[in-house]
Each structure stands twice: as structure tokens, then as C-alpha cells.
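Thanks for coming. I will go through one structure today, starting with a ligand and ending with the domains. Please have the picture open in front of you.

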Amino acid sequence: MLETTIDSEMNFLRPQFDQDLGKGRGVYISTYGCQMNVNDTERMYSLLEMANFSVVQTPQEASIIIINACSIREKPVHKVYSEVGTYRKLKEKNPDIKIGVGGCVGQQEKDKLMKTQPMIDFVFGTDNIDTLPTLVAEAYNTGAKLVDAKFAHKAPYHVETLVRNPGISTFVNITKGCDNFCSFCIVPFTRGREKSRPINHILMDIRTLVNRGVKEVTLLGQNVNSYESEGGIDFADLLKAVATQTDIQRVRYTTPHPKDFNDKLFNVLADHQDKIGEYAHMPVQSGNSRILQRMNRGYTREEYVEKINRMKELIPNLVLSTDIIVGFPGETEEEFQDTMSLVHEVGFETIYAYVYSPRPFTKAAEFTDQVPEDVKSERLNRLFDSHEAMAFPLAKKYEGQVLNVLVEKINDQGKAQGRSTQNKLVYFMGSESLIGQTVPVKVTQAFPNTIRGELVL
Ligand code: SAH
Ligand code: SF4
Ligand code: F3S
């Protein structure tokens, strides 16, 4: 893009473009991965703004380019390497640009990145975000290549929420790290040991956000429902406290683990449906108990289904979504069929499914019975086809219903946009004055991922 702007005849429109490179204080962050990474990017921007940098919309305008990357599967890691390659040309034009890599890839590939990518100036880990302004200053002042990726294993998890313009809906970290060591998953190695923030810090953050106009918070963690605070406070207690001791309109949470749902939590979810909603994401990964055991998930198919049924009993309009991995090592066709049948048995309205990707350090990567790539992709396609056939009729039930929608914004097409209590994205004709309000919307057309409706006056 830089080439086309500079070499094109439009060049006269941006006379200072080339000169400004690397000399301004623009920062651009390219973000991949889960909501945790999205929220970490916001933290990085906030910290760098405090250090007098300004956020720019394109890498071409930036003096600092950061890739905040995800390593959950192999593909996004490759993207980091190719993205660094695309920034090479910018840096050749202006060697003052600093390029950094953070997030789970920074944590995992720190040494390799430094060794193989001479364009990279600094790498930082998931526990080192708060040192970013110092790291950047050092990179500029010394010109040295820097790595800051040590886990703060012993430090308590005290991170006040940093968000520049929270809008209507924002994130609040409650736990970090994961101790579950599912045999396929790299997260325990990229995010370190599990820690929880003290409940008082979380409640204080939410109250401050409410004063700043926030109506909805999403509580974030790799495994939110194993949350623990002083005095034996657990996730159910935290959710209840957020619902009853703050003025937030809606609370969401991600990602929970099925093994850490219990009756106490189900009751809190049911008692506070008005705030917590009628929606749950329950990542199952597989519908076969032998595979679940090999995955080290800590539940069987039957235990999972039992928990789902309990939840459905307590929350009659419950909408469910899940994560699935197909082609886990050793998965036979019959075992894959168990996943297909579970999807139908539970009636998930949304599934996030992936082919198994072997990850460094993980147990499953060592298993000798890996499933061939073509079999994995064929299973994934079959799963999506089969789910789609179910999801369209499932969505139709919303047509004619009135949903309570928290309006988040007016989108590019001029439509009001928000989410219902069942976490459905709803669009309708509405004015800006509705932003931040919960309004009744009658559904005119419903598809699995979008719903169109009309404001009920
Ligand atoms: N903590 C969440 C998962 C976070 S990772 C949980 O326990 O469910 C998000 C999703 O990525 C996982 O649910 C899983 O479906 C997928 N995933 C994780 N590791 C993977 C791998 N090695 N290959 C393919 N998908 C993977
Ligand atoms: Fe990964 Fe399992 Fe932890 Fe989820 S619970 S982050 S899948 S190790
Ligand atoms: Fe990816 Fe790390 Fe999140 S690996 S999914 S960015 S925790």
C-alpha cells in the first residue's frame, strides 16, 4: 500500500508521508486471536497513548508496528511470519520504524522470532504488556533487539481495566492463564499459570465503567468459571455480586469450562437471567467420551449432556453455542459420528469448529495416531453442512418473537445494531438516541447469525 500511495500520481496529496515515517509517534497494532488478545491490544494502545503515542489506522502511518498474535492453531502463527515480511518494505524505506511481536506468539516463539526475523526489534510476552512503553523507549534509545517474555508467576494478578473509549459494551479481565492442560492446547504454555483478580478490584472496575456509560461487560479469562478470590469466593459468587452490587445492565462471560459448571452456578445464572442472559457457550470439543478423556477434558459425553439438560430446565429459552475439534489424534469415523450426533442432540445454534492442529509442547502433538489432513478437513465440512441444515430451521423460531435488544451502535448501513438476551445480533431501523438502551424488537427475518426486526413502539 505504501508503494502505491507514494509512487502513484496521487502522491502530491500526501507530501509529508514519507518524511513522517518513523519520526511521528503513530502506533499500529495488528490483532489476532480471542477476546483476551483483543482486550490486550486495547491495553497496549492505552499504555502507549499515556506515553504520548497516537493510534493510527494503517501500518503505513506508524512508527511502531506491533503484531499481537495468536498461536492456538498453526495457521495464525504462519500469518505472523508473512505479516512481518510485508512490513519489511516499510522498514527498508525508513529504518527508524520499530516492529514488535506480542501475544501468545510472542510468548511462545520469542527466540525463534528473534533469530529468524531480523526485521523484528522487540518481542514481549503475555505477562509483560505493562512494560511496553519502557520496552519501546529502550528499543529507540539503545537500538538493541529486546525480548521481555518472562512469566510473572509469583506476582498477584492485579490489572486495573484500561480502556480508552469503552462505549456501551466492554471487557473486564477476571482470570488469566490456565492450569487444565487439555492435551491439544497451547494456552497453558502461552498464558502461564491460572490466577484470579480479587473480587473487589473487579467490582470497582465495573462500577467505574458504569459511570463512564458502559451498559454491558464481558468477564474474560481462559477458564472463567474456575475463578477464585479470597475467602473461598467462586465464579458463581462473583457473577451474583456483579449482577446485584453494580448497576451494570448486562453481564457476559467467556470462556467457561464445562467441568467447572455446578448447581450453584446454574442457580445464579437462572436467578439473574435478566442481566446474565439466556445464553451459554459450553465448549465441548468432542461428543465421544474416549476422545474427551484423551483430550484431558475432565468430563464424559453423558456428564456434559446432564449439565446441559439441567441448564435447559432452569433457563427455558436457553441458547447454546460450542467449540469443537475434529480429527483429534486417534478419532475414528464412529467417534466423529458421536460429535455429529451430540450437535443435534443438544441443538447448538452456533458452533465454532476447527480441524485439530498439533501444537508445540502439547501431549497430543506426540500421539502417533494423527489423523490425515484430508480426513480432518472432510469431517469438518461434513460437520458444518450438517449443522447448517439444523441451524436455519432453528433460527426461524425467532420470526414473530419480540426480543429485548441492547443497542450498541448505528452500523455502516445506518441500521441500529445490538444483541438480544440470547446473544443474537439484531438489526433494525432506529436512531442514535437508542444507543445504550434496551428496546423491544419484533423479528421479521431470522438467520443463524443475523436477525432483522422492527422496533416495537
Ligand atoms: N478455554 C477454552 C478454549 C480456549 S481455546 C475451553 O477450554 O474450551 C478456543 C478453542 O480453540 C478451543 O475451544 C478449541 O476448540 C480450539 N483449539 C484449541 N487448541 C486447538 C488445536 N490444537 N487445534 C484445533 N483447535 C484448537
Ligand atoms: Fe486450553 Fe483446555 Fe485451558 Fe481451554 S481449558 S485454555 S482448551 S488448556
Ligand atoms: Fe490465541 Fe492466546 Fe487467545 S493462543 S486464542 S490469543 S489465549
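Start at ligand 1, where one of its oxygen atoms is 2.7 Å from an N or O atom in the side chain of Gln 285. Keep in mind that this is a predicted model. There are two further contacts of this kind to look at. A polar side-chain atom of Arg 297 lies 3.0 Å from an oxygen atom of ligand 1, and for the side chain of Asp 323 the distance from an N or O atom to a ligand oxygen is 2.6 Å. How much of ligand 1 does the protein bury? Taken alone, ligand 1 exposes 540 Å², and the protein buries 89% of that.

Now the surroundings of ligand 1. There are 16 residues around the ligand, and those that come nearest are Phe 184, Gln 222, Gln 285, Asp 323 and Ser 357. By type, the shell divides into seven nonpolar, five polar and four charged residues. Strand 15, residues 319-326, and strand 16, residues 350-355, each supply at least two residues of this shell.

Where does ligand 1 lie with respect to the domains? Domain 2 and domain 3 both give residues to the shell, so ligand 1 lies between them.

Next, ligand 2. The residues around ligand 2 include Cys 178, Cys 182, Cys 185, His 257 and Arg 297. Phe 184 is also among the residues around ligand 2, and we met Phe 184 among the nearest residues of ligand 1. The shell of ligand 2 has seven nonpolar residues, two polar and one charged.

Ligand 3 has Cys 34, Cys 70, Cys 104, Arg 191 and Gln 222 among its surrounding residues. Its shell divides into four nonpolar, three polar and one charged.

Last, the domains. The domain assignment gives domain 1 at 3-148, domain 2 at 158-276, domain 3 at 278-396 and domain 4 at 402-455. I will take the pair formed by domain 1 and domain 2, whose C-alpha centres lie 29 Å apart. Their contact takes 21 residues from domain 1 and 20 residues from domain 2.

The size of an interface is often given as the accessible area lost when the parts come together. Here, domain 1 and domain 2 bury about 1800 Å² between them, with 54% of it on carbon and sulfur atoms. Which three residues supply more than any other three of the area that domain 1 buries against domain 2? They are Met 36, Asn 39 and Arg 43, with 34% of that area.

Note on methods
Residues are numbered from 1 along each chain as its sequence is written. Chains are lettered from A and ligands numbered from 1 in the order in which they are written. This is a predicted model: local features need pLDDT of at least 70, side-chain atom pairs count only at pLDDT 80 or more; totals for chains, interfaces and linings use all residues. Side-chain values use heavy atoms; hydrogens and water are left out. A residue is near a molecule or strand if one of its heavy atoms lies within 4 Å of it. A polar contact is a pair of N or O atoms within 3.5 Å; within protein, one must be able to donate a hydrogen and the other to accept it, and residues adjacent in sequence count only if both atoms are side-chain atoms. Accessible areas come from the Shrake-Rupley method with a 1.4 Å probe; for residues, only the protein chains shown count as cover. Helices (H or I, at least four residues) and strands (E, at least two) are DSSP runs, numbered from the N terminus. Ala, Val, Leu, Ile, Met, Phe, Trp, Tyr, Cys and Pro count as nonpolar, Asp, Glu, Lys and Arg as charged, and the others, Gly among them, as polar. Domain bounds come from an automatic or database domain assignment. Contact means heavy atoms within 4.5 Å. Buried area is the accessible area (1.4 Å probe) that two parts lose on being put together, summed over both.
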